[in-house]
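Thank you all for making time this morning. I would like to walk you slowly through one structure, beginning with its charged side chains and ending with a pocket.

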Amino acid sequence: SLKLVGTSFYAKSDAAGAFTFSGVPAGSYAVMATHPGHETALVKDVTVEPGKAATVAIAMKPATLDLKVKDERRVAACKLAAPACGSVASECYDRSYGGVYRGVPADFNTEEYAAISENTFKDVLQDPLSTFSIDVDPASYANVRRFLSGGALPYKDAVRIEELVNYFPYQYEQPGDGRPFAVHAEAASCPWNPGHRLVRIGLKGREVPVDKLPPANLVFLIDVSGSMQSADKLPLLKSAFKLLAQQLRPQDRVAIAVYASSEGLVLPSTSGKDKQAILAALDKLEAGGCTAGAAGIRLAYRTALDNYIKGGNNRVILATDGDFNVGVSSTSELIAMIEQQREHGVFLSVLGFGTGNLKDSRMEQLADKGNGNYAYIDNLSEARKVLVSQMGGTLFTIAKDVKIQVEFNPARVKGYKLIGYENRLLAKEDFNDDKKDAGELGSGHTVTALYEVVPAGSGEQLPGIDELKYQTTAVRPDAAKSPELMTVKLRYKDPDGTQSRLIVRPVVDGGAAFAKASEDFRFAAAVAEFGLLLRNSPFKGSASWGQVIELARTACGADPEGYRAEFVKLAGTARDLAGMAKAD
């Protein structure tokens, strides 16, 4: 197995040892080779010139090195991948878990993803309620795209299906009743399991024109540690923030705080009309040192509170690869600090960058607990989507602590499965508990949730528990008379509120065939099926790459930004990579 260090380019050699990386941009690279029973080999300074092929020969040695030599190589690896941290590389190494520098271990990949235990089918008589927090984070889709574009299938736990589905905008109608969002529902047959029904619940946030948004008090908190040197990290990050800076109005303010071995304020809170000062501060940023992330977060919040705008959009935007290795670095301690700060009305959004040591699970949790969004920026187009095209949704919250609770009618439904949202599940009691944190909805944002439903009367066996000895579960007589498939309840708070409001919406299934469903419904189903295949889900049924591509291709509809067309191509890439993996 071979990899270009610091990139997403992977390759596997043939039996004779020959290998090829295709489409590598011009530049200088380090090539890493691994093979069972052999020491990892590293060839540095491999130069790729425009329009030319570069050839490299790699010799591998049997794994006979003792632990001391291996440790010395790991320290050297730290210096190679984070040269600006060079003089303290051994310190980074000593502070690491198990003697390996957390950002750059021997195999140069310490990306972290939270384990996902996929939702199973629930028996309605035993579990009639399904409760979860909304999720509008688009990070997983962009990260999956990064893997596939680099020629590799993503890690299973990098695939959060709800984030894949919610990456795309859908044509839901806006609210017309004064509420911050409207609720929509649609049902049709399930394409990967025709005996089941697929139900889509959709929310559409009220769109607030950019010129009507309240003034913003932003703090850009930027990781400038040594691990941020590569082109897909700090250089891309600076370009992304320049795009956002160009959108700022005179009434908006922005400060820039940085952190590496220590934290600092490189730009005090500055009016959005002084764009030259903001852009100049970004241009001066350089990577170097280890990562004192917690100290930087404290400084950013302190700066935001010092410049707090009552009734405004007060927000810290953290941009990092998530690898904190100096000071407070445990996720639980960071979360506790952020939960305390959000009570002061300052929200936190997180932008993830880079490959190799991306701490996806940590960044997702920080954004969730900070009442903000988490996006992964893999290219400048994604930066433009998140920070320009969807700036209102990314930066301005119209409703917080949005929870959904669905009650299924046992006369119509035997079983159900929520597709995705595994790390957003709530206890049924949490729905009415206003102290429980939940997701935020931004201006113009859409939220989509899909349920796969087993109709009542189906002979399908569902996982269950032993029959109860002392009680039985009875279906109310009027349930059979009701045409309702389920009832959707939502709770939300105003951005500065403490008491939730309730919305109730019954859902009726008209029995539509999948082919008669709306384009948005069919496209969302195609994306969900794509996620089931990437995760190799035990619930994928008859799902296939060919079906994903065909469903998505015929449901692209109005696609002004080309996101859906790009998905069709990405699904084709995934099909090819999955075929090669199966052949191997």
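**Charged residues and a pocket**

Let me begin with Arg145, which counts as buried because its relative accessibility is 4%, where buried means under 20% relative accessible area, exposed over 50%, and partly exposed in between, with a 1.4 Å probe and protein chains only. Please keep in mind that this is a predicted model, in which local features need pLDDT of at least 70 and side-chain atom pairs count only at pLDDT 80 or more, while totals for chains, interfaces and linings use all residues. Residues are numbered from 1 along each chain as its sequence is written, and side-chain values use heavy atoms, with hydrogens and water left out.

Arg145 forms a salt bridge with Asp378, with 2.7 Å between the closest N and O atoms; a salt bridge here is a side-chain nitrogen of Lys or Arg within 4 Å of a carboxyl oxygen of Asp or Glu. This pair links distant parts of the chain, since Arg145 sits in helix α3 and Asp378 in the loop between β14 and α10, 233 residues apart. Helices (H or I, at least four residues) and strands (E, at least two) are DSSP runs, numbered from the N terminus.

The structure holds 30 salt bridges, and another of them joins Asp437 to Arg342, where the closest N and O atoms are 3.6 Å apart. Asp437 lies in the loop between β16 and β17 and Arg342 in helix α8, 95 residues apart. Both are buried, Asp437 with a relative accessible area of 19% and Arg342 with 13%. Glu118, Asp157, Lys417 and Arg535 are linked in a network of salt bridges.

What, then, is the nearest side chain of opposite charge to Asp223? Asp223, in strand β9, is buried yet has no salt bridge, and that nearest side chain, Lys233, is 7.6 Å away. (Lys and Arg count as positive and Asp and Glu as negative, while His and the chain ends are not counted.) The side chain of Asp223 does, however, make a polar contact of 2.7 Å with that of Ser225 and one of 2.8 Å with that of Thr320. A polar contact is a pair of N or O atoms within 3.5 Å; within protein, one must be able to donate a hydrogen and the other to accept it, and residues adjacent in sequence count only if both atoms are side-chain atoms.Finally, the second largest pocket is lined by 39 residues, a pocket being an open set of points on a 1 Å grid over the protein atoms alone where a 1.4 Å probe fits, with protein on both sides within 12 Å along at least five of seven lines, and lining residues having an atom within 4 Å of a point.
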